[in-house]
Structures are given as C-alpha cells and as structure tokens.
Amino acid sequence: MPDIPLTVIVLLCLAAAAAGWIDAVVGGGGLLLLPALLVGLPAGTQATTALGTNKAVAIVGTTGAAVTYVRKTPIDVRTAIRIGLAALAGSMGGAALAAGMSTEVLKPIVMVVLLGVAAFVILKPSFGSAPATGPATRRQIWAAIGIAGLGIGFYDGLIGPGTGTFLVLALTAVLGLDLVRASATAKIANVCTNAGALGIFAWQGAVLWQLAALMAVFNLAGGTVGAHTALKKGSGFVRIVLLVVVFSLVATMAYEQWFK
C-alpha cells in the first residue's frame, strides 16, 4: 500500500461511511467514495487502482445493506438475483464497448434524462409511495431483467455514476415497488455487479486491500445504518434523498463535462 498520511486515511474512512449510508438509502454512494479515492490516493496512482479499491469497499457496505433489507422487509430475492446476474452481463458488455466509444458524447444525454427523472418525481409525489397492488407479473419481471438488469448494467460498464439510483427508479417504475422495496432489491443486484467488477480488478492487481479493508468497516457501518434509516423513515424520506442524489449527480457530471 502506498504511503498515505493518517489524516487522509481518516477522511477516506469518513467518506466511506457517508457513501455507505447514501448507497443504502437510494444508491449513488460512488459519487462520494470514488472521487474521494481519486483525490486522496497519492499522485501517480492508476485510476484503475482507485476503481478497484472502490469496488472492494463498496461491496462490503452493499452486502451489509442487502442483508439488513432482506431481514426487515419482504422482497423477491429470486427476482433480485436474476436482475443482478443480467446486470453483471450487461456491465461486461458496456465495459467492452467503452474502450472504443467516447463517454463525453453520452454524458449530456444522461444529464437530460436525470433532470427529466427529477421533474417526474417532483411533479408526481405519489411515485414510489404506494405499495405494489400484488406480485409482479411474468412480463414485469422480464422487463425488469431487461431494463434494470441488462440496460442499467450496460450503462454501469460504459459510464457508471448513478447506477444504484437508476436501479431504484427502474425497479419502482417497472415492478411497481415502493421506494424502500426498490432500494432493497437494487442492493441485491448491486452485490452481483460489484462482485463481478471486483473479480476483474483483483485479477488485474488493481486493489489496495489494506486500505480497502479499513474503509470497508466504515462503509459497512454506514450502509447498515442507512438501510435501517430507510426502513424507519419510509418512502417519503427516500424520495427526498433520491432528489438530492439526482441533482448532485447532474452537477457532478456537468462539472466534469464542461468545467474540469
């Protein structure tokens, strides 16, 4: 592990805890964790090392949040795993295509989509607040596998930021879930995609395991607290956090696109 000042390590651990909380509630914790690693790691560190370490940290918090959700709220674990496996396949395809495509062209499109999502959530307060009227139909499940799994998984491999948030939105819209159950299902899908990505980064030797292990403890604590918070506060609270994360994602992508 490179020589990192103690102050920086403490700040990275605090960022990991905050990212775990955000990710457990509505997704998007990577918006905080990955930039923190990119800034905190010594100059000259490969970007893939930051990405690999990020995945090693995030998978722990995501798994903890998923376990908390499964224990506290009824979800269809089988459907969640099927979506996760599809997302894993989609992310591999997106990563393969990313090498030959400029993501700068796609980022403005993603920002417009996000702003449209935010407007929809604001103008339709009932979105994600009512429980599903019954079990999902076969057609809904296959639509979720295609859209939330393959589609958003592909986006994760191609661009990445906000994948968890997109999963929550897609699962709410396609399966008719409330935001809390959508967050729970998204966490299981995220465990699958994080595991696949971590396997690749570990094979490439792009993970700082000692730093990741320390940060993972804080990420796990943040993720567990975040899941409990979402379950206690309900869909209305998740909706507010969702809007904050969406606008933060748009601001981050706009800065990277036009001002960095």
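A salt bridge is a side-chain nitrogen of Lys or Arg within 4 Å of a carboxyl oxygen of Asp or Glu. I began with that term, then searched the whole structure, which is a predicted model. The search finds one salt bridge.

**Entry: the salt bridge**

I looked up the partners. They are Arg181 and Asp178, whose side chains meet at 3.8 Å, N to O. That distance counts as a salt bridge because the cut-off is 4 Å. Side chains of opposite charge can pair when their charged atoms come close. Next I checked how covered each partner is. Arg181 has a relative accessible area of 31%, so Arg181 is partly exposed. Asp178 has a relative accessibility of 11% and counts as buried, because the limit for buried is under 20%.

**Entry: the whole chain**

I listed the elements of the protein chain and found 10 helices and zero strands. Read from the N terminus on, the order is α-α-α-α-α-α-α-α-α-α. The chain has 260 residues, and 50% of them count as buried. I then looked at contacts with a separation of 6 or more. Residues 24 or more positions apart make up 84% of these. For the surface, I noted about 12,100 Å² exposed by the protein chain, with 69% of it supplied by carbon and sulfur atoms.

**Entry: Gly157**

Where does Gly157 lie? I found Gly157 in helix 6, which covers residues 138-158. Its relative accessibility is 22%, so Gly157 counts as partly exposed. I also looked up a glycine pair. Gly157 and Gly94 are 63 residues apart along the chain, yet their C-alpha atoms are separated by 4.3 Å.

**Entry: helix 9**

I checked the length of helix 9, residues 209-233. Its 25 residues should span 36 Å at 1.5 Å a residue, and the end C-alpha atoms are 35 Å apart, so the two values agree. Where does helix 9 bend? I found a bend of about 25° at Ala216.

Ala216 also appears among the buried residues of helix 9. The others in that list are Leu211, Ala212, Met215, Asn219, Gly222, Gly223, Gly226, Ala227, Thr229 and Ala230. An α-helix has 3.6 residues a turn, so residues three or four places apart point the same way. I went back to the list with this spacing in mind and noted Ala212, Ala216 and Asn219, which are buried, as are Gly223, Gly226 and Ala230.

Last, I looked just past the end of the helix. Gly234 follows helix 9, and its phi is positive, near 90°.

Notes:
Residues are numbered from 1 along each chain as its sequence is written. This is a predicted model: local features need pLDDT of at least 70, side-chain atom pairs count only at pLDDT 80 or more; totals for chains, interfaces and linings use all residues. Side-chain values use heavy atoms; hydrogens and water are left out. Helices (H or I, at least four residues) and strands (E, at least two) are DSSP runs, numbered from the N terminus. Buried means under 20% relative accessible area, exposed over 50%, partly exposed in between (1.4 Å probe, protein chains only). Contact means heavy atoms within 4.5 Å. Accessible areas come from the Shrake-Rupley method with a 1.4 Å probe; for residues, only the protein chains shown count as cover. The expected span of a helix is 1.5 Å times one less than its number of residues. The bend at a residue is the angle between axes fitted to the seven residues ending there and the seven starting there.
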